[in-house]
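Trainee: Got a minute to go through this one with me? I'd like to get the layout straight.

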Amino acid sequence: MKLLFDFGRYFILMRRSFGKAEKFSIYRSRIFEEINNLGIGSLGIVGIISVFIGAVITIQSAFNFENPLVPIYAVGVAVRDSMILEFSPAIISLILAGKIGSSIASEIGTMRITEQIDALEIMGINSASYLIRPKIIACILFSPVLLIFSMFLGIFGGYVFGIMSGVVTNYEYVIGITYNFRPYNIIYSLLKAAVFAFIFASVPAYHGYYTRGGSLEVGKASTKGVVYSCILILAFDLILTQLLLA
Amino acid sequence: MIDIKNISKSFADRLILNNISFNFEKGKTNVIIGESGSGKTVLLRCMVGLNEIDTGDVLYDGRNFYDLKFKDKKEIRKEIGMLFQGGALFDSKNVEENVVFPLSMFTDLSESEKRDRANFCLQRVNLFNSNKLYPSELSGGMKKRVAIARAIAMQPKYLFCDEPNSGLDPKTSIVIDNLINEITEEYDITTIVITHDMNSVIEIGDNIMFINKGENWWQGSKEEILKTENKEVQDFVYATKFMKNLRTKF
């Protein structure tokens with residue numbers, strides 16, 4: 001019953017969030033603000049994680065491809081496909097759900113308990129639209145940038161650590177990452193990343209928006225927002241993979 | 001003028017407000033008093049639509065708030081200024097941006113006109129050279145003054161103040177009380193103040209409503225409240241030693 005209640009209230013909130021904007025110019029500047037806060041602020045962590053994931057896939061693949069029938073350039077193929085198909089869209093989104101999701105839930109939750117949301121409502125402003133919509137749009141707009149950035153650094157990280165550790169040569173790795181490349185995979189990945197961005201922006205926003213009580217509840221809302229976002233990202237990962245690749 | 005008629009409000013099975021009616025007069029500081037938990041803040045939130053009422057009417061100069069469409073409710077809200085207990089200033093904006101905010105949302109004023117209006121409001125509440133400070137850098141009294149400046153930026157017709165002097169020292173409390181009173185008279189607006197501070201009641205209360213157990217228990221002027229024979233009101237008014245000593249003079 002509680003699940004159904006939350007489900008219905010979430011959709012009502014989303015409808016309110018995408019209702020008529022009070023002033024377009026304000027919303028446009030809010031979107032750029034959020035791109036700066038949420039998107040550009042995440043480049044660092046996405047970069048670091050992607051490089052190390054790429055490096056680890058390279059070493060693990062080389063370790064597992066001991067059979068002489070498997071060519072060494074398969075390491076490059078494995079890194080490219082793992083990064084493009086799964087790690088960059090899904091794993092990075094899970095990490096961003098933790099970073100961005102908790103930030104959104106705690107920011108909106110704190111605004112709720114300190115009556116800042118009430119202050120917006122009293123002024124006649126649609127608080128859901130003013131607070132939530134720019135965050136969702138910013139996350140969706142910036143997700144392709146983060147995704148491409150992550151793919152590039154993951155493959156680059158694999159290349160650097162592969163060469164440094166001697167498990168693959170420069171020539172074999174480049175052959176591997178260009179071998180039988182399907183551009184559709186990038187589109188599939190971009191689509192997944194956009195859906196995941198919507199989830200990790202909107203679900204924590206929902207939990208933050210309906211926070212009641214004090215600082216303890218803000219913490220709980222933040223945790224709930226992250227946990228539910230992660231579960232939904234994994235569920236949608238499965239659904240989208242089945243729909244788009246199978 | 002704001003009229004409330006037969007307002008009732010419950011949370012789950014708990015009745016918070018029971019059939020409350022009152023007339024808040026224009027150009028006067030109307031004060032709602034009562035013990036903690038008596039329903040004062042809930043009444044205020046019901047009046048501005050932050051909580052839905054179960055039954056009753058709230059009339060803003062004859063316009064029944066709860067009968068209006070969403071769009072028309074928003075128009076009434078633009079005529080409302082509200083001072084929240086904690087100030088409710090936007091943490092991410094500095095003092096000037098907080099005051100400019102409603103102007104940016106609802107007017108087509110140029111940047112310099114908005115800044116001039118914000119400076120005028122900030123000077124009106126005696127805040128100088130604080131425009132670039134953030135809420136976390138302000139004292140409690142300064143926060144309240146910025147909140148008042150923000151509330152009057154749009155030249156409201158109705159001003160709601162939820163415990164404007166809670167957490168403030170007596171001297172700053174009087175400054176805030178006087179400010180509310182002056183603004184009410186100057187702009188000829190309907191002001192409603194919630195408080196349980198008797199000093200404030202005596203200082204600014206033109207029209208007083210005492211809420212007890214969610215009911216409109218007593219109403220009158222500040223002169224009348226000091227002489228009332230109503231036991232619950234007496235217990236509230238003369239709760240402190242200072243007020244008991246004062247009572248001997250009447």
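Mentor: Let's take chain A, then the place where the chains meet, then chain B. Keep in mind that this is a predicted model, where local features need pLDDT of at least 70, side-chain atom pairs count only at pLDDT 80 or more, and totals for chains, interfaces and linings use all residues. Residues are numbered from 1 along each chain as its sequence is written, with chains lettered from A and ligands numbered from 1 in the order in which they are written.

Trainee: OK, how many helices and strands are in chain A?

Mentor: Nine helices and zero strands. Those are DSSP runs numbered from the N terminus, H or I of at least four residues for helices and E of at least two for strands.

Trainee: And what does the C-alpha trace of chain A span?

Mentor: About 70 × 40 × 30 Å along its principal axes.

Trainee: Where does α6(A) bend?

Mentor: At Phe142(A), by about 35°, and Pro144(A) follows within four residues. The bend is the angle between axes fitted to the seven residues ending there and the seven starting there.

Trainee: Why does the end-to-end distance of that helix agree with its length?

Mentor: Helix α6 of chain A has 39 residues, 127–165, so at 1.5 Å a residue it should span 57 Å, and its end C-alpha atoms are 54 Å apart, which agrees. The expected span is 1.5 Å times one less than the number of residues. Just after α6(A), Gly166(A) takes a positive phi of about 75°.

Trainee: Switching topic: how many residues are in contact between chain A and chain B?

Mentor: 13 residues of chain A with 14 of chain B, a contact being C-beta atoms, placed from the backbone, within 7 Å. Helix α5 of chain A (residues 116–122) gives the most to chain A's side, with five residues.

Trainee: Now chain B. What order do the strands of the open sheet have?

Mentor: β2-β1-β4-β5, four strands with antiparallel pairing; strands pair if DSSP finds at least two bridges between them. β2 (14–24) and β5 (63–64) of chain B are at the edges with a single partner strand each, so one side of each has no neighbour in the sheet. In the β1(B)–β4(B) pair, joined by five bridges, Ser8(B) sits opposite Thr55(B).

Trainee: Which strands does α1 of chain B touch?

Mentor: β1, β2 and β4 of chain B. Helix α1(B), residues 40–48, packs on the sheet, its direction making about 115° with that of β1(B). Axes there are lines fitted to C-alpha atoms, for helices over the stretch in contact, and angles run from 0 to 180 degrees between N-to-C directions.

Notes: Contact = placed C-beta atoms within 7 Å.
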